[in-house]
Amino acid sequence: MELTTEQVRAMAQAVNLDIPETDFNNVMLRLSALFAEMDKIERELGAEMDKTEPIPPVYPHEEF
């Protein structure tokens, strides 16, 4: 998945992240690569991923 400049700027703005122009292209390339790999995982594991909780369970500590 290749992200556009506008998409990366919108994502950064959504979390109040200021990306310096000197780093912007690098951030855009890395995010594009990350989303491409996430797409591959989704295609490979799709339905199995839906059966798994996205956050590992946290068990309360028992006091002795």
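Lysine 51 counts as exposed in this predicted model, with a relative accessibility of 64%, and its partner in a salt bridge is glutamate 48, the closest N and O atoms of the two lying 3.2 Å apart. Glutamate 48, for its part, is partly exposed at 48% relative accessibility.

The structure holds three salt bridges, and the table sets them out with the distance between the closest N and O atoms.

| Acidic residue | Basic residue | Closest N and O atoms |
|---|---|---|
| Glutamate 21 | Arginine 9 | 3.2 Å |
| Glutamate 37 | Lysine 40 | 3.1 Å |
| Glutamate 48 | Lysine 51 | 3.2 Å |

The bridge between glutamate 21 and arginine 9 links distant parts of the chain, since glutamate 21 belongs to helix α2 (residues 21–50) and arginine 9 to helix α1 (residues 5–14), twelve residues apart. Glutamate 21 is exposed, having a relative accessible area of 55%, whereas arginine 9 is partly exposed at 39% relative accessibility.

Arginine 9 also has a contact with an aromatic residue, as its charged end sits over the ring of phenylalanine 24, 4.2 Å from the centre of that ring. Pairs of aromatic rings, on the other hand, number zero in a search of the whole structure.

The salt bridge of glutamate 37 with lysine 40 lies within helix α2, where the two residues are three residues apart and therefore separated by about one helical turn. Both partners fall into the partly exposed class, glutamate 37 with a relative accessibility of 42% and lysine 40 with one of 44%.

Note on methods. Residues are numbered from 1 along each chain as its sequence is written. This is a predicted model: local features need pLDDT of at least 70, side-chain atom pairs count only at pLDDT 80 or more; totals for chains, interfaces and linings use all residues. Side-chain values use heavy atoms; hydrogens and water are left out. Rings of Phe, Tyr and Trp (its six-membered ring) pair if their centres lie within 6.5 Å; planes under 30 degrees apart count as stacked, over 60 as edge-to-face and the rest as tilted. A charge sits over a ring if NZ of Lys or CZ of Arg is within 6 Å of the ring centre and within 35 degrees of the ring normal. A salt bridge is a side-chain nitrogen of Lys or Arg within 4 Å of a carboxyl oxygen of Asp or Glu. Helices (H or I, at least four residues) and strands (E, at least two) are DSSP runs, numbered from the N terminus. Buried means under 20% relative accessible area, exposed over 50%, partly exposed in between (1.4 Å probe, protein chains only).
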